[in-house]
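Please open the model in your viewer and keep a selection box at hand; the tour begins with the whole chain and then moves to a single element.

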Amino acid sequence: MILAVAVQGRLERQSEKDESAALLLNRIRDVRKKKPAKVAGTVRKLRPLPESWEWAAFSDVAQIASNLVDPKQHMTAFHVAPNHIEKGSGRLLDCRTVAEDKVKSSKHQFFAGQILYSKIRPNLSKAVIVDFDGLCSADMYPINPYIDARYLLTFILSPIFLRFAIKTDTRVAMPKINQTALNQIPVAVPPLAEQKRIVSKVDRLMGICDRLESERRETLSLTDRSRRSVLASLTSSRDASELASSWRRLSDHFEILHNRPETLADLRQTTLALAVQGKLVKQDPNDEPAFEAKLEDLLREKSLNGYSKKPGEDENGVPILRISAGTARNDFYVEESDHKWIELTDVEIDKFRLERDDLLACRFNGNLHFVGRFSLYRSCSDTTQVFPDKLIRFRVDLSRLNPRFAVFALNSASSRKKIESFCATTAGNIGISATNLKTIVLRVPPLKEQEKIATKVDRLLAQCDRVAEQLRDRQATTEQLLTATIHQILKTSEDRSQ
């Protein structure tokens, strides 16, 4: 908003004492002995500029330099690439020598005072003024400014310039702005004195934004540390009194500690940790004690990898789950609507058919946190479904293990730590075997207690989902209010300028 307002003449008041932009441009043309350049024909679609301003072609206010050199002759020279520049801010994040960056191909030479501009998407909003000589990547333009360099940089970083840059980005194989297109982009040119005032005010306002952002990061960091501390006190509590005290702390400060949707992930994991520790429900002293057992010893039949042939889109086939069906939900249930179709024989259907209370584990994924993640199939779709080869099916012994309790225990932090230690990378994918998953040891309480724990976890995870949805709605409302406020600021500024 600041940049958009600035380059439309609505950030600073105009002064009658300033020399007009028209005279400035004429003087630049006289020195360069050039006629006014052709401007892209969309200028008329923009808002009118203040009376003392002018639209000019980019080539009227700057010159694109192109001095290709062999970096081998300049191994100690500074080297700048798009990844060294912060997007949208005009800040140089890093600077290395040609030797450090191991540059081999020809590069452009640049000099102190020039603007380096990235010409390739998605870096069209990356530009910086350099105060040293060096070499830049071939996908950058060194630019000599003829107006105030900092004002021109402000315009290049503005959304107005970016819209023009995207429109000229026509190449399919390597989208970028060629020199002809860049030279025709219109630039809103204010009087020179006003350019300097605009830059000064933009710097002050950006400084305020930076301070606000820094304070926001500090606040978030403090909140995150506090939240982790409170949640850790729940899982580390030694008796009922400490546990109750920790719950009160969480309840009293819940809105502060969980003020963003993503913070609910910590609470979900804490809920699972409390479940496997036996801290969610009261134990019955008359029950038999909990025991520990490997998953392999709690199954009623062998595990099975899914069907390996590629599914299709023909809805006449049998629904086969996508891999994402087992990782899509926060409550660890299978998303049964996430499927394709496949043609199978009756024998194949019978082999890979899913039944209520089947556990599915993700065998391969590019995301480590999804590998070995368990989900529970509830047969909500009321139709026959099968599963793909990147999922593994487990069927537990229902006389010893509640499937809902099992899926929560297998996704708890203690189980995940063991599962992720088994994961291996193959051909860009991270994988795990059923053999390794079956070695996971579970602490198994009595069946009645398992049912109580599973019911309470279900309720708490559902509450987490509701809170997350409320927080997302609140964020959307805040963004709408912010957008409306910005529009009002822009309108007020425009009315004053008129």
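With the whole protein chain selected and contacts displayed, note that among those with a separation of 6 or more, 77% are accounted for by residues 24 or more positions apart. The coordinates come from a predicted model, and every value on this tour is to be read with that in mind.

Switch next to a cartoon representation, in which the protein chain shows 16 helices and 22 strands. If you align the view with the principal axes, the C-alpha atoms fill a box of roughly 95 × 55 × 50 Å. The radius of gyration of the protein chain is 31 Å, whereas a compact globule of 498 residues would have one near 23 Å.

Now turn on the surface, whose accessible area comes to about 26,400 Å², with 50% of it belonging to carbon and sulfur atoms. Colouring by burial instead, you will find that 45% of the 498 residues count as buried. If you then select the charged side chains, there are 78 positive and 65 negative charges, and the mean positions of the two sets lie 4 Å apart.

Finally, select residues 264–277, which form helix 11, a run of 14 residues that reaches 20 Å from its first C-alpha to its last, close to the 20 Å expected at 1.5 Å a residue. Which residues of helix 11 are buried? They are Leu-264, Leu-267, Arg-268, Thr-270, Thr-271, Leu-272, Ala-273, Leu-274 and Ala-275. Extend the selection to Gly-278, just after helix 11, where the backbone takes a positive phi of about 75°.

Terms used
Residues are numbered from 1 along each chain as its sequence is written. This is a predicted model: local features need pLDDT of at least 70, side-chain atom pairs count only at pLDDT 80 or more; totals for chains, interfaces and linings use all residues. Side-chain values use heavy atoms; hydrogens and water are left out. Helices (H or I, at least four residues) and strands (E, at least two) are DSSP runs, numbered from the N terminus. The expected span of a helix is 1.5 Å times one less than its number of residues. Buried means under 20% relative accessible area, exposed over 50%, partly exposed in between (1.4 Å probe, protein chains only). The radius of gyration is taken over C-alpha atoms; the globule rule is 2.2 Å times the number of residues to the power 0.38. Contact means heavy atoms within 4.5 Å. Accessible areas come from the Shrake-Rupley method with a 1.4 Å probe; for residues, only the protein chains shown count as cover. Lys and Arg count as positive and Asp and Glu as negative; His and the chain ends are not counted. The place of a charge is taken as NZ of Lys, CZ of Arg, CG of Asp or CD of Glu.
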